[in-house]
Amino acid sequence: MQALVIDDSRAMRLIIRRILETEGFEVSEAGDGQEALNLLASQPKPDLALIDWNMPVLDGLEFVSAVRKDPDARQITLMMVTTENEADQIVRALAAGAHEYLIKPFTPDALLEKLDVLGMRTA
Amino acid sequence: MPIATVDFDYISNFVRQRAAIVLEPGKEYLIESRLAPLAREQGLSDLSALVARMRAGDERLHSAVVEAMTTNETLFFRDQAPFRAMSEEILPALAERRLLKRIRIWSAACSSGQEPYSIAMTCADFVDAHPGWGFEILATDISEEMLARTAAARYSQLEINRGLPATHLVRHFKRAGTGWQAEDRLRAMVTVQALNLARPFPDLPTQDVVFLRNVLIYFDVATRRAILEQVSRVLAPDGYLFLGSAETTTFISESFERDTTGSAACYRPRQGGQK
């Protein structure tokens with residue numbers, strides 16, 4: 001399976017990449033929502049996208065909304081991975097089309113358990 | 001510092017007597033990881049100092065050691081399959097047979113409450129689709145500290161991240177300080193009670209479903225057998241028993257048979273009773 005990690009923090013992208021790679025994911029990265037949309041337009045669609053909320057250029061919520069409007073990207077499972085932790089923010093993300101929501105900070109186990117919730121645990 | 005053999009022997013004998021938990025050689029890491037924080041908390045230099053105070057008869061420390069050795073990591077909807085089976089198969093099946101519209105479920109080693117509240121969320125979803133049903137969820141544990149946590153139903157952000165789908169979080173929890181608390185609707189379903197599985201059970205109402213997961217592994221075979229025989233007397237004749245994914249009644253109890261018809265492995269009372 002393929003995953004796209006979208007976060008403006010290089011360190012956070014690396015942390016998530018390492019966890020996903022232990023599960024056998026092939027991981028690509030983008031530093032903001034627009035860069036991620038450009039990747040989606042030019043490469044095969046990933047199975048899973050992990051999306052920070054606050055990013056320059058195009059934020060995570062805008063990215064989710066854009067992906068949900070694209071019929072060709074409908075199969076991508078979208079998980080927000082963010083420090084935003086208020087109930088109404090989680091509701092907004094789910095309403096925009098996110099499938100899951102993981103709040104930073106998180107443990108590697110917590111990310112893997114979210115993959116279980118999504119039925120995307122491969123290893 | 002690794003635990004000395006004499007201290008390991010003392011602690012393993014102590015927890016075997018107090019909680020019927022078996023710690024064979026090779027489990028030194030478990031004692032070190034569970035009791036080193038307790039030793040620090042008590043201002044003791046190492047595990048030898050902790051054992052010395054235990055030998056002196058410090059009853060509060062004895063209780064704290066039992067708490068530390070029996071408190072287990074847990075998460076919401078652990079293993080998922082039992083909860084899926086509950087909503088898709090077991091609750092609909094019970095609903096056809098329970099004319100009084102009440103269902104009792106026992107979480108028999110509830111730890112900090114993630115299991116009973118996962119059950120409660122499953123039941124709440126069932127009630128939304130089938131109004132008029134009532135659920136009584138009994139949450140028991142040997143640890144008073146864990147029972148207090150279960151009753152409070154408050155969870156840190158890190159705990160909430162573990163296994164709880166975001167849809168369930170926003171539907172069943174509210175913010176409480178920096179963490180979250182289960183809504184009153186869930187808390188009203190859950191009753192907590194102290195219970196040591198290794199001792200004779202107090203009088204309990206007949207249960208329709210028992211969750212006894214990831215706890216038998218800590219006991220020796222004789223204690224497992226005694227626990228399962230007691231559970232068989234509490235479980236309704238048409239009830240359901242869930243064990244942990246690495247646990248089984250096979251070769252331990254003749255009172256149950258594995259039910260392989262559903263999507264999750266569970267056990268049913270053997271019809272005609274014990275053979």
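This report describes the strands, helices, burial and chain contacts of a predicted two-chain model.

**Basis of the model**

Residues are numbered from 1 along each chain as its sequence is written, and chains are lettered from A, with ligands numbered from 1, in the order in which they are written. Because the model is predicted, local features need pLDDT of at least 70 and side-chain atom pairs count only at pLDDT 80 or more, whereas totals for chains, interfaces and linings use all residues. The predictor assigns the complex an ipTM of 0.89 and a pTM of 0.86. For chain B, the mean pLDDT (the predictor's confidence in each residue, from 0 to 100) is 91, and 96% of the residues reach 70 or more. Where pLDDT is low, the predicted coordinates should not be read in detail.

**Parallel strands of chain A**

Helices (H or I, at least four residues) and strands (E, at least two) are DSSP runs, numbered from the N terminus. Two strands pair if DSSP finds at least two bridges between them. Three parallel pairings in chain A are set out below.

| Paired strands | Bridges | Residues standing opposite |
|---|---|---|
| β1(A) and β2(A) | five bridges | Gln2(A) and Glu26(A) |
| β3(A) and β4(A) | four bridges | Leu50(A) and Met79(A) |
| β4(A) and β5(A) | four bridges | Met80(A) and Tyr101(A) |

Strand β1(A) covers residues 2-6 and runs parallel to β2(A). From β1(A) the chain passes through helix α1 (residues 10-22) to β2(A) in a right-handed β-α-β crossover. A crossover is right-handed if, with the strands pointing away from the viewer, the path from the first strand over the helix to the second runs clockwise. Four bridges join β3(A) to β4(A), and the chain crosses between these strands through α3(A), again as a right-handed β-α-β crossover. Strand β5 of chain A, residues 100-103, pairs with β4(A) in the parallel sense; the chain reaches β5(A) from β4(A) through α4(A), and this β-α-β crossover is right-handed.

Burial is judged by counting other C-beta atoms, placed from the backbone, within 10 Å of a residue's own: 20 or more make the residue buried, 12 or fewer exposed, and counts in between partly exposed. Strand β4(A) is largely enclosed by the rest of the structure, because five of its six residues are buried. Glu26(A), in strand β2 (residues 26-30) of chain A, is by contrast exposed because it has 12 other C-beta atoms within 10 Å. The C-alpha atoms of Glu26(A) and Glu86(A) are separated by 31 Å, and the two residues are 60 residues apart along the chain.

**Helix α3(A) and Trp53(A)**

Helix α3 of chain A (residues 60-68) has Gly60(A), Leu61(A), Phe63(A), Val64(A) and Val67(A) buried. Seen down the axis of α3(A), these buried residues fall within an arc of 160°, so they line one face of the helix. The arc is that of the directions from the helix axis to the C-beta atoms. The elements against which they pack include β3 (48-51), β4 (77-82) and α4 (87-96) of chain A.

Trp53(A) lies in the loop between β3 and α3 of chain A. Trp53(A) is buried because it has 23 other C-beta atoms within 10 Å. Beyond its neighbours within four places in sequence, Trp53(A) is in contact (C-beta atoms, placed from the backbone, within 7 Å) with residues including Gly60(A), Leu61(A) and Met80(A). Trp53(A) and Ala93(A) are 40 residues apart in sequence, with their C-alpha atoms 9.2 Å apart.

**Chain B and its contact with chain A**

In chain B, an open sheet of three strands has the order β3-β5-β4 with antiparallel pairing. Its edge strands, β3 (154-155) and β4 (173-176), each pair on one side only. Four bridges link β4(B) to β5 (residues 179-182) in the antiparallel sense, and Arg175(B) has Trp180(B) as its bridge partner in β5(B).

Helix α7 of chain B (residues 144-152) has Met146(B), Leu147(B), Arg149(B) and Thr150(B) buried. Seen down the axis of α7(B), they fall within an arc of 160° and so line one face of the helix. Their cover includes α6 (114-129), β2 (134-141) and β6 (190-194) of chain B.

Between the chains, 13 residues of chain B are in contact with 16 residues of chain A. On the side of chain B that touches chain A, α8 (157-160) and α9 (166-172) are the elements giving two or more residues, and α9(B) gives the most, with four residues.

Definitions and conventions
Two residues are in contact if their C-beta atoms, placed from the backbone, lie within 7 Å.
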